Amino acid sequence: MARTRRAPKGDGSVYPRKDGRWVGSFHDDKGKRRNFYAKTEREARALLRKMQHESQAGTLVDPSRVKTGDYFTYWFGIHGPTIRGTSACTYAGYINNRIIPALGHIPLQKLTVDHLQSFYSSLINEEVKPKSVKDIHMIVNAALGQAVEWGKLGRNPASKAKLPRESKKEMQVFNKVQIQALLTFVEGHKLECIVTLALATGMRQGELLALRWSDIDLERKMVQVQRTLTYIPGQGLKESETKTDSGRRAIVLADHAIAVLKKHRTAQLEQRLMAGNKWREHGLVFCSIYGTHTWSANVRHAFVRLLHDAELPIIRFHDLRHSCATALLCMGVHPKVVQEILGHSSVAITMNIYSHVLPSIQQEAMASMNAFMTGKQGVI
């Protein structure tokens, strides 16, 4: 039988591994064998051609000489523009202030699980929040996973690292009596509309501060959540799209919220006349005295003063969102509806966050079941 002719030395080869990945191999311009890995045969062949071209052009970098810090800078340069909203700024901060200072000097191919475990432990010792450590690990895992796909690493050491358990904080919410007391006290206050809308819709503070009158249909009693306002260091206040597709949502407004919005609109038109030439029209529902964006810190500080004056427990402005969700669930609103109102990507996320509501819901359900079984439905 005729023997299969081997490819000439230097042409390179591509073959499958037992773990499902594909290996590419070739000799560079210095005669050194280079191996890399890819998910599919097509990716492996494309990467082979690219690396061979770089080798011939003299621009191929020896993976053994690539430092972890240089790689993360390179990785973020490619992926940074694809990251939505302020997450890109958060990623850059973690990479430049945490990951590179701790791991940047280590050759990428010599980075081990022990390096990462020591890094995460040092973050805990510095009292970095477990949630932040988890986010840092997510970035490290994504970047090193990409390094494997690009053939710069044989395996991803982050996949074996263990993270500290994130402690779950007890949520602070207002009950029915406290919500009604707040709505009564805030009537006529400059925060009346934003507090009312936060309780009625569960919108985040950034979503409220980016809300425009064009997003609200007072006749149909609907509000469209499409963007959020955040502070980006070096750039100031910036509007951006919601982080997820589920975050862009339509919410039906209660009649009370509609009435408060109409009153707020009238007050804003009067403020516009007072501002005169200083007014800058942006169509914002919640704006400064000159029509520009409002700083979230100003709202938070004013909210704390409001609670103090009302003699109510001090909670975060964001806890109005939690109070809204808790109240809806306690009123028997279906979790799927609550999920859509809040803009969560799944019901599971909603129920995980608000699991503290489940016992009271179950108690009411069992009371109803008991009344049904004993024929005393009228008691409920």
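**Reading strands and cores in a predicted model**

Student: Why is strand β2 described as largely enclosed by the rest of the structure?

Tutor: The model is predicted. In it, five of the six residues of strand β2 (residues 22-27) are buried, so β2 is largely enclosed by the rest of the structure. Buried here means under 20% relative accessible area.

Student: Which strands pair with β2, and in what sense?

Tutor: Strand β1 (residues 13-16) pairs with β2 in the antiparallel sense over four bridges. Strand β3 (residues 33-38) also runs antiparallel to β2, and six bridges join the two. As examples of partners, P16 is bridged to W22 in β2, and F26 stands opposite R34 in β3.

Student: What should one look for in the hairpin turns?

Tutor: The phi angle of glycine deserves attention in both. The hairpin of β1 and β2 has five residues between the strands, and G20 in the turn has a positive phi of about 100°. In the hairpin of β2 and β3, also with five residues between the strands, G31 takes a positive phi near 85°.

Student: How should one read a nonpolar core?

Tutor: In soluble globular proteins, nonpolar side chains tend to be buried together. Here the largest nonpolar core has 48 residues, and those with the most contacts inside it include L182, V195, F303 and L320. Among the elements that each supply at least two residues of this core are α6 (176-185), β5 (222-225) and α9 (255-275). The largest share, six residues, comes from α7.

Student: Which residues does L182 touch beyond four places away in sequence?

Tutor: Its contacts include F174, V195, L199, F303 and L320. A second, separate core of 32 residues includes F72, A88, L108 and F119.

Terms used
Residues numbered from 1 in each chain as written. Predicted model: local features only at pLDDT ≥ 70, side-chain atom pairs only at ≥ 80, totals over all residues. Heavy atoms only, no water. Core = buried A, V, L, I, M, F, W, Y, C linked by side-chain atoms within 4.5 Å. Buried < 20%, exposed > 50% of the residue type's maximum accessible area, 1.4 Å probe, protein only. Contact = heavy atoms within 4.5 Å. Pairing = 2+ DSSP bridges.
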